[in-house]
Amino acid sequence: LSGLGGMPDLEGIFGSVGETFEKITDVESAKAALPELESANQKLQGLSSGFAALPESVRTKITELVNGTLPDLQGTIDKVLAIPGVGEILKPIVDQMMEKVAALKG
């Protein structure tokens with residue numbers, strides 16, 4: 001869903017978040033991933049804050065994309081957060097991101 005009047009590319013955001021989480025195997029890689037996750041969180045903030053102003057047809061497409069992509073992404077995130085020591089590092093940013101994603105689920 002790129003090209004929505006300057007809105008961030010949601011598929012790209014989800015894709016990069018998924019790739020980032022797939023690289024996390026321990027505490028050090030979790031710490032290294034924080035800047036990428038912060039960046040994704042900022043993009044999600046922009047998208048979620050402008051969501052209500054979008055035309056209904058666009059909101060519907062975003063909601064369908066989120067609902068179709070989120071289960072797999074959530075599974076990957078849950079596995080990573082279960083790695084010893086990683087949950088403490090990443091849970092705060094993950095919680096912030098999921099709050100924003102929840103606003104896009106319709």
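**Exercise 1. Find which residues L90 touches, leaving out residues up to four places away in sequence.**

Solution.
- Set the criterion: contact means heavy atoms within 4.5 Å.
- Apply the sequence filter, and the partners of L90 are F21, I24, A30, L34, L37, V80 and L81.
- Note the source of the coordinates: this is a predicted model, where local features need pLDDT of at least 70, side-chain atom pairs count only at pLDDT 80 or more, and totals for chains, interfaces and linings use all residues. Residues are numbered from 1 along each chain as its sequence is written, and side-chain values use heavy atoms, with hydrogens and water left out.

**Exercise 2. Place L90 in the largest nonpolar core, and state which elements give two or more residues to this core.**

Solution.
- Define the core: a set of buried Ala, Val, Leu, Ile, Met, Phe, Trp, Tyr and Cys residues joined through side-chain atoms within 4.5 Å.
- Define burial: buried means under 20% relative accessible area, exposed over 50%, and partly exposed in between (1.4 Å probe, protein chains only).
- Rank the members: among the 31 residues of the largest core, L10, F21, I62 and L90 touch the most other members.
- List the elements: helix 1 (10–22), helix 2 (27–50), helix 3 (56–81) and helix 4 each give two or more residues.
- Pick out the largest share: helix 4 supplies it, with nine residues.
- Recall the background: nonpolar side chains tend to be buried together in soluble globular proteins.

**Exercise 3. Describe the fold and the overall dimensions of the protein chain.**

Solution.
- Count elements: the protein chain has four helices and zero strands. Helices (H or I, at least four residues) and strands (E, at least two) are DSSP runs, numbered from the N terminus.
- Read the order: from the N terminus on, it is α-α-α-α.
- Test compactness: the radius of gyration, taken over C-alpha atoms, is 14 Å, and the globule rule (2.2 Å times the number of residues to the power 0.38) gives 13 Å for 106 residues. The two values are close, so the chain is as compact as a globular protein of that length.
- Box the C-alpha atoms: along the principal axes they fill roughly 45 × 20 × 20 Å.
- Check burial: 41% of the 106 residues count as buried.
- Check contact range: of the contacts with a separation of 6 or more, 75% join residues 24 or more positions apart.

**Exercise 4. Compare T20 and G12 in helix 1: is each buried or partly exposed?**

Solution.
- Locate both: T20 is in helix 1, and G12 is in helix 1.
- Classify T20: its relative accessible area is 4%, so T20 is buried.
- Classify G12: its relative accessibility is 33%, so G12 counts as partly exposed.
- List the partners of T20: A33, E36 and L37, not counting residues up to four places away in sequence.
- Add distances: the C-alpha atoms of T20 and I77 are separated by 9.9 Å, at 57 residues apart along the chain. G12 and A40 are 28 residues apart in sequence and 9.5 Å apart, C-alpha to C-alpha.

**Exercise 5. Characterise E38 and D95 by element, exposure and one C-alpha distance.**

Solution.
- Start with E38: it is found in helix 2. Its relative accessible area is 39%, so E38 is partly exposed. I93 is 55 residues away in sequence and 7.1 Å away in space, C-alpha to C-alpha.
- Turn to D95: it lies in helix 4 (residues 86–104). Its relative accessible area is 36%, so D95 is partly exposed. The C-alpha atoms of D95 and N41 are separated by 10.0 Å, at 54 residues apart along the chain.
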